[in-house]
Amino acid sequence: MAAVTPEVLTSTHVEKMKKKKLPKRYWEETEKTDQSQRRPEEEQGKAGQNQNKSTVKEKSLKRKNGESLEKKDPFPGEAPIPQKQLQKFQRGKKCKVPAGARERLKEAIAISEAMSEHAQKQAARYDLLLPEDAGFLEGDEDEDTNTISQADIADAVDITSGSKYFNLHLSQFGPYRLDYSRTGRNLLVGGKKGHVACIDWQTKDLKCEMNVMETVNDVKWLHTEAMFAVAQKRWLYIYDSKGVELHCVKKFNDVLRMQFLPYHFLLATASATGFLQYLDVSIGKEVAAICTKMGRLDVMAQNPHNAVIHLGHPNGTVSLWSPNQKESLVKMLCHRGAVRSLAVDKTGTYMVTSGLDRKLKVYDIRAFKPLHSCFLPAGASCLSLSQRGLLSAATGEIVQVYQNVLGSNPVSKPYMAHRLRGQIWGLAYCPFEDVLGIGHGEGFTSMIVPGAGEPNFDALDTNPYRSHKQRQEWEVKALLEKVQPELIGLDPGQLSKVDQASFEQRHKEQIEALGFDPLAKDKFKPRTKKKGRSSAGAIEKRKRKVAHEDQRVFLSLSLLSLFAIISHCSYYRHDDASHRRCNIFKQSD
Amino acid sequence: MQNENLVQISFFNQLMLVHPRKKQNERSEASVQVSEYFVNAEGTGDKVNLSDLLGTVEKTSGASNKTKKQLRNLQSSKETLELPLNKQQTEKIQRGIAYEKTTAEVSCWKNIILQNQKAEQMVFPLNQESSGPKRVEQVVAGWKVQTPLEQEIFRLLHGSRQPVNDPVLTPVEEQSLKAMSLEEAKIRRAELQKARALQSYYEAKAKREKKIKSKKYHKVQNKAKRKDFLKQFDEMVKTNPEGALEELKKMELSRMEERMSLKHQNSGKWAKSKAIMAKYDDSARKAMQEQLQMNKDLTQKMVVPSDDEHESIEEGLETVPDFVNDPETVIDPVNPWMRGQLTHEEPEVSCVTAEEVQTAEEENEEEEIIGEFERKRKLRQADEEDLIPTEEERKKTQEEDEDEEEDVSEFNTLFRLMRSEKTREGSNQTRGGLNTAGEEDEEGLLSEGQIRVRSIEDLEVLDEVVEPRAIEEPSAPQTAAAEATSEPPHKKKREINLKEVLTKEAKAVRLPFLPTVVDEEERDEQISIIKEAFAGDDVISDFIKDKSRQEAAGRPAVVDLTLPGWGEWGGVGLKPPRWKRKRFRIKTAPPPPRQDQKLPDVIISEKRTASVASHQVSQLPFPFQNTAQFESSIRTPIGSTWNTQTVVKNMTKPKVVTKLGAIIEPMVKEDFIKSKTTAAGGKGAAIMLGENRRAKEGTKRTKILALTELPTA
């Protein structure tokens, strides 16, 4: 085929020279090749034998084309979209119209399919508006990237990027926990000994700094940069960005770790008493308080995909929680020792855990299956996953960054490494930046990790460059789009599924939720009659006339339960049993 | 009325039906007065037989042979006629026919209704006319002249060849009109709005000012206006000569008017009284003077400052102004007759105080616009009045003036008496004028701000001032550069410190960095160590226990309905027999397999999350046959978080769009028929329509009140 096309082209050129001069269009060539491609067998067969014939054919064909081309759109129809991009925006499977479907059903399916296809295409088309690529670090030949020091990187890159590597020497109140705001502009650090500061870390503009004069267990930004929560020795406090104490939430005591669920406006806290609590920061209400009965909870992570909270326990298990269920959704045995740290992938596919058994394990949390595990000699005290899937692990005083951990290929050597002084207490990647923040005993270190951050941000969701006004607008919109805590579950798409529970089950749930049976029949209430026929005795008589109906229902219900009770008893006497039965019947009367 | 009559007639008929036997028998006896209402005929109740008619038919020549033959045949035939169908049956047949008719009539709506039901979006009103005002001829199109008055008017219009029915605008123009974009329209609207608002402000202001009774205020105002006008006029001469000419004309006119009238001539009652008081009262004198001045100003002849003249004037200014040599002006600047050419003088300039200047400046902008309005008004008035006096008139007025001179002679004597004082004042004024001029000069200097370079020395001085800046400016980048250069060293210094720490340790650490994956032997060792460490708490067995407990809880319990002691001996330690257990222990169906059945180290809760259920769809919506179909139909989110703007708009567009305030007329048959024919093109009509009733009945329309409801017959 490849041999044919140039031949065809040359012949056309010859023809052109002879014939009148038509202005050559750049699309004619492609058209011609298309023509030739359309029937390659024919051309191949004829090409060798009789060129003249083919040229004649081409001539006629060309003339036709020439005539039609002047009027025709050179690129008819829509611009094609690459299959890969289309696949990226595929949502679920297409529904096929069943064979014997009615007209209405056919139409409904056709409309919905057309609409979803349109949406998919448009999204794929607009994908080219995300032009940024992630960075990376590449060593020379025979040079491991993990030997490259931060200082070298800072020197090599441009000034602004270089300035992202810095140290804050805060040896007095360490070790430090840290948290980046969702936009990645602001950094919140909290020292164990009470030092709390929030910084616009890119401009190094200190917004507030204070000492709460108490142990600080954890710090967390709330939905905006205007508020943050500090888990102090006893209570949970909420401060504004200027360090003014807004709330002291006394319902939340002994909090050790916190997670903020941004789309639900929920602050989840794990306490030393084993309670997992949810605070709705938009209305200031405690949504749920769950007693996990698992002891001290000092390992916590959230799944950004479905807002499920992961807790690590001293017995080596990791449990998954939602505010809607008093028991854990899933409990998985991950380590033989206590779980030291947890991190969940942005897509909610992978979970990385590290335990006291000095193992690092990667789980697929859709299937709850371990993908691979590796042994770290020092063990990882802190774990963090970046937006692009880089894993950082604090092993002793060294922070190691691993690449391509989330997948089937096993963990090999680290991508980067950085040694610090003092114990590492907190690790967090800065969103939309190639920066890893490390809180340690000697203060805070901002480390450059090329390729860590997501290069394209959704300006309507988290815009690092948003103005004050935009932030306000975003806040209102986010509040309007707040997801209710009832919708948290393992499957975030649960809402779009039909509830197939039976009527009885739903009725039972309804009774549980309401505290009474909405469909219950009212008890018989005799009508009041006149002329002395509504005396107490008369009423009682009338009641007795219908009493057997209620009794029948009650009996049929109680019989089952009664026998269930009886069957559980190991031994009993006949008399006793009959006596008890009588008692029950009496009660029912 | 007709209806009433109909009702009456029907009522009468009914009466007749009720009493068929009772016939009104007319009197047949002879009377003097014969009623015209009752024709008395003999044999009224008798039946007419066919044979009676036949006889006459035979006789009449006009009847055709065929009918005659038929009649004869009829007469001869002995067969009895068939009985007509009974009432019920005829009615049934009629109903059937009526039903068919109506179904045919109504079924033509079926397609359009289905189509509308299926439509993704309906826009009402259906046949939308273009918004915006209609042109007269569009409105008038269906209207015809009826009354004689209208006819008269039309005839007149036709006579003058005014456009009546013909479209004033060509289709192209119409299109261009329509094509005025929204933005343009908006801008235009905003402009109009602003203009209107401004006008209202000015009107309000003018009203307010008009109410002010202070004469002084008005005087000042007028002066300011005049001054302003002069200024404008000067500008106008340069920029808009035509406009200036017009203005000149106007001024000429006002001069004429002034000369015609006795205003400002100090000849009125007021002036005379003032003249008496002038001896003693300084202010009275002043007022009179001002009056005269006004007159003088107004009656001054405007000299058009042509370019040549302008130049010559400028030349003159260079040497010595003419009026300096003129003694009269110095002596009496007030006396109009003593003056020569005074067009270039602006005596008011000196008189205007600082306050006035301020107020004038404040009101400049507003007055400009007011002035424009007023000018236009004046122009209009002038046009309307058409009061341009001719040459003769002017001469007359001059003569009259001369006549009046005698009358004013008294005043003149007074005037001469005052002259000495005036000269003093005049000198004062001129001095004041000079002063103000000097001040202005000073102000000019002040306002200049920057030093103007005049000589080389100045330049040198300037250099001294400027150079340091020039030196400074390049120094800034230098320093910046120095900082930039100094910063990296500084930075490096800092980082070197770190580096020293880092590199030293990094080298030491480099080896421990790498062996993350440990050899198997080591691993075994580690495992054994861990085993030792966690020997006390057996994590795994605990977990397995927990899991089995959960599984047990999930399994449904066996219902045991055995009644111990029933039909047998009861007592301690007795077990129900096997047959009883077999028969009365009911095993429920096993639950579906647990999700974590094949995952030994995972416990997945089997509890149903009831919280989501309240938000879920619990019943399958209509057209869908199974849940998979429905779920796939809602699998694409419609929010803007997941979709592009256009898609969101498309997905969430409303089913019905109505225009605010527009009347939604019921659908008319013609609408969809027309649309169908235009849409279908050459295709034949798919549905048979009944006869076009509308054509017959004129204005009567068949309507459908609601689209889904079929009109019943």
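**Exercise 1.** Is Glu568(B) buried, partly exposed or exposed, judged by its relative accessibility? Set this beside the residue with which Glu568(B) forms a salt bridge.

*Solution.* The model is a predicted one, and every value below is computed from it. Begin with the accessibility: because Glu568(B) has 28% relative accessibility, this residue counts as partly exposed. Next, identify the partner, which is Lys580(B), with the two side chains meeting in a salt bridge at 3.2 Å, N to O. The pair links distant parts of the chain, for Glu568(B) lies in the loop between β2 and α24 of chain B, while Lys580(B) lies in helix α24 of chain B, 12 residues apart. Finally, apply the cut-off to the partner: buried means under 20% relative accessible area, and Lys580(B), at 2% relative accessibility, therefore counts as buried.

**Exercise 2.** Describe two salt bridges within chain A, Asp461(A) with Arg182(A) and Asp491(A) with Lys497(A), and place their residues where possible.

*Solution.* Take the pair Asp461(A) and Arg182(A) to begin with, whose side chains meet in a salt bridge of 3.5 Å, N to O. The two residues are 279 residues apart, Asp461(A) being in the loop between β28 (443–448) and α9 (468–480) of chain A, and Arg182(A) in the loop between β2 (176–180) and β3 (186–191) of chain A. Arg182(A) has a relative accessible area of 24%, so this residue is partly exposed. Now turn to Asp491(A) and Lys497(A), where the N to O distance is 3.0 Å. Asp491(A) is partly exposed, with a relative accessible area of 33%, and Lys497(A) is likewise partly exposed, with 35%.

**Exercise 3.** Build up a picture of the interface between chain B and chain A, starting from its extent and ending with the strands that join across it.

*Solution.* Start with the residues: 74 of chain B are in contact with 87 of chain A. The area buried between the two chains is about 7600 Å², and carbon and sulfur atoms give 61% of this area. Then count the polar links, which come to 20 residue pairs in polar contact, both residues being at pLDDT 80 or more. Several elements of chain B each supply at least two residues of the side that touches chain A, among them α22 (520–533), α23 (539–554) and β4 (602–604), but the largest share, 10 residues, comes from α21(B). By residue type, this side of chain B divides into 36 nonpolar, 21 polar and 17 charged.

The salt bridges across the interface number 5, and one example is Glu509(A) with Arg608(B), at 2.6 Å, N to O. These two residues also belong to a network of salt bridges that links them with Asp499(A) and Arg506(A). As a last step, consider the strands: β17 (residues 330–333) of chain A and β4(B) run antiparallel and are joined by 3 bridges, with Lys331(A) standing opposite Ile603(B).

**Exercise 4.** Set out the make-up of each chain, taking helices and strands and then buried residues.

*Solution.* Chain A has 12 helices and 28 strands, whereas chain B has 29 helices and 7 strands. In chain A, buried residues make up 47% of the 589 residues; in chain B, they make up 17% of the 713 residues. For contacts between residues at least 6 apart in sequence, 47% of those in chain A join residues at least 24 apart, and the corresponding value in chain B is 64%.

Key
Residues numbered from 1 in each chain as written. Chains lettered and ligands numbered in written order. Predicted model: local features only at pLDDT ≥ 70, side-chain atom pairs only at ≥ 80, totals over all residues. Heavy atoms only, no water. Contact = heavy atoms within 4.5 Å. Buried area = accessible area lost by both parts, 1.4 Å probe. Salt bridge = Lys/Arg side-chain N within 4 Å of Asp/Glu carboxyl O. Polar contact = N/O pair within 3.5 Å; in protein donor to acceptor, adjacent residues only side chain to side chain. Helix = DSSP H or I, 4+ residues; strand = E, 2+ residues; numbered from the N terminus. Nonpolar A, V, L, I, M, F, W, Y, C, P; charged D, E, K, R; others polar. Pairing = 2+ DSSP bridges. Buried < 20%, exposed > 50% of the residue type's maximum accessible area, 1.4 Å probe, protein only.
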